[in-house]
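The following note is offered to a colleague who is meeting this structure for the first time. Please read the numbered points with the sequence and the model at hand.

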Amino acid sequence: SLLLEGSLPSVHTWTRLAQQRRQRAMVGIDLASTAYILICTAMVQLMTPGLAFFYGGLVKDTSVLTMMMQSFVSMGISSIVWYVVGFSLCFGESVGFFGNPGTFVAMTGVSVNEPLMRGGEEVVAGIPGLLFAAYQGMFAVITPALMTGCFADRFRFKPYLIFIVCWLIVVYAPWCHWVWGGGWLAQWGVYDFAGGIVVHITAGFSALASLVVVGKRPQDEENKDVPHNVPFVALGTALLWFGWFGFNGGSALGSNGLAIMAAMNSQLAGSVGMVGWMIMDILHGKKPGLVGACVGAVAGLATITPAAGFVDMNGAFLIGIMAAVLCYKCVHWIHNLGYDDALDVWGVHGMGGFWGTLLLGALADPSECGDAATAPKYCVNPGTVTRSGEQFGKQLAAAVLCAVYSFVVTFVLLKLINLVVPIRPSAAMGKQRSLDFTEHGEEAYTPTKAYAAPQKSEETPALESSDTF
């Protein structure tokens, strides 16, 4: 209309019109929260390569590529499953106990301009539905990769691909829907802020089930528990810790005080877990090492995850202490029982998530924080969960049920896969070449060859000084 009147719109006019169009298009969207969650999505994505370095440094140099490949390929496979049907299974309408795979199949009905809508109601306010799907997809990516440290050196690549596809559908998706997607556990009053149940317990106890199927590593292997590259472990820990600010802080699903609380709780619990693990090593007659410090930090971060947005910093400090002591004991206990959990996945992630889920019920806000309208200012997350014996019981029941479900279903799934495709590499295959070469045709390090001086031949006289360059 401005052009018809014969006047040329100014830059400010075009800017104002563009802003008006964006405001009309993005209904109910908070731009600050959108920017924040978009950054958090990238941070959580970075955690999977960080896990690859963390696990890759802990294994032998002959299987480092296999270990890293299992993490990296999860980014590809899990993202495809998430796009096609995974998101819908997790956050679609409930059909009985499970999410409807047709609600958001292939991201149908997931808008980039408005919050996610399900049954005419907003699922998450303030951020675009597609951004919420992307953020949650990063959790689905890293969860199967967490298990790989448990069965290191004992899982071939082809059955692994089949396993993560099936596992995401029959283990991860149901628990994600029940706890985060409005399923029956959420309706009952079970809470999990960022994945203690959905991520760590499912992965940790599924990993434990895998040990029953794949067994132990060969007993004649030398230095099988000695990390081949400690700097890789440190690099991986740094990337994981950085990403955990998006993992826990981003689970507030907005740029607000709750995000700050979750981030600070994560920092504190990870720090206490690191120092506590070193103290436990000293008490057990060991020297405080970098690997132990890194494992302790991850234990603290995993344990605070379910409670990060429900407890204050005093609670986070206590959870960090409990993570160092209890996870340390679980790691040693499982080895004493004869299970070959190569990289302590069950003790750190499985039991870390388990203890954190229980402690949420004991350390959450007091009862006066139950009503958001009248809650005091010191409440962390008013109007949600408060500490009580009843809440502790609910958290305990959910954690135990998740542990049993994950173990049993994963055990059956692996047994069925093993009938079709052998999971464990053959002993002859392992003796001929490294697992990296037999599975991927590559090796991380070029084999060194001993240098031998060339023997002089009578037929080939030595070069005179005039013949040299």
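1. A35 is a convenient place to begin. With a relative accessibility of 40%, A35 counts as partly exposed, because the buried class ends under 20% and the exposed class begins over 50%. The residue belongs to helix 2, which covers residues 31-58. Its C-alpha lies 9.8 Å from that of L131, although 96 residues separate A35 and L131 in sequence.

2. The general setting should be stated next. The model is predicted, and the values in this note should be read accordingly. The protein contains 15 helices and 4 strands. It has 469 residues, of which 51% count as buried. Among contacts with a separation of 6 or more, 75% are between residues 24 or more positions apart. The exposed area of the protein is about 21300 Å², and carbon and sulfur atoms supply 64% of that area.

3. What surrounds S206, once its neighbours within four places in sequence are left aside? The residue is in contact with M147, W167, V171, I201, S406 and T410. S206 sits in helix 7, which runs over residues 196-214. Its relative accessibility is 0%, so S206 counts as buried. One of the contacts listed is also polar: the side chains of S206 and W167 make a polar contact at 2.9 Å.

4. Aromatic residues deserve a point of their own. The structure holds 29 aromatic pairs. One of them joins F155 and Y160 in an edge-to-face arrangement, with 6.1 Å from centre to centre and 80° between the planes. F155 also pairs with F163; here the arrangement is tilted, with the centres 5.9 Å apart and the planes at 35°. Are the three residues buried or exposed? F155 has 2% relative accessibility and therefore counts as buried. Y160, at 0%, is buried, and F163, at 1%, counts as buried as well.

5. A further aromatic group may be examined in the model. Ring pairs link F97, F98, W175, W178, W184 and Y405 into a cluster. The members of this cluster thus carry numbers from several parts of the sequence, including F97 and Y405.

6. Charged side chains form the next topic. Side chains of opposite charge can pair when their charged atoms come close. The structure holds 5 salt bridges. One of them is formed by the side chains of E439 and R156, with 3.6 Å from N to O. This pair links distant parts of the chain, its two residues being 283 residues apart. E439 lies in helix 15 (residues 435-440), whereas R156 lies in the loop between helix 4 (129-147) and helix 5 (157-179). E439 has 18% relative accessibility and so counts as buried, while R156, at 21%, counts as partly exposed. The two values fall on either side of the 20% limit, which is why the two residues receive separate labels.

7. How far apart in sequence are E390 and K394 in helix 13? They are 4 residues apart, which means that about one helical turn separates them. Their side chains meet in a salt bridge with an N to O distance of 3.7 Å. E390 counts as exposed because its relative accessibility is 58%, whereas K394, with a relative accessible area of 14%, is buried. Elsewhere, salt bridges that share partners join R154, R217, D225 and D340 into one network. Within that network, R217 forms a salt bridge with D225, and their closest N and O atoms are 2.7 Å apart. R217 is buried, its relative accessible area being 3%.

8. The last point concerns the surface. F392, L396, V400, V404, V408, V412, L416, L419 and V420 make a nonpolar surface patch of about 790 Å². V420 belongs to helix 13, which spans residues 389-420. At 68% relative accessibility, V420 counts as exposed, because its value lies over the 50% limit.

Note on methods
Residues numbered from 1 in each chain as written. Predicted model: local features only at pLDDT ≥ 70, side-chain atom pairs only at ≥ 80, totals over all residues. Heavy atoms only, no water. Buried < 20%, exposed > 50% of the residue type's maximum accessible area, 1.4 Å probe, protein only. Polar contact = N/O pair within 3.5 Å; in protein donor to acceptor, adjacent residues only side chain to side chain. Contact = heavy atoms within 4.5 Å. Phe/Tyr/Trp six-rings, centres within 6.5 Å; stacked < 30°, edge-to-face > 60°. Patch = residues over 30% accessible without salt bridge, like charges linked within 9 Å, V, L, I, M, F, W, Y side chains within 5 Å. Areas by Shrake-Rupley, 256 points an atom, 1.4 Å probe, with all protein chains shown as cover. Salt bridge = Lys/Arg side-chain N within 4 Å of Asp/Glu carboxyl O.
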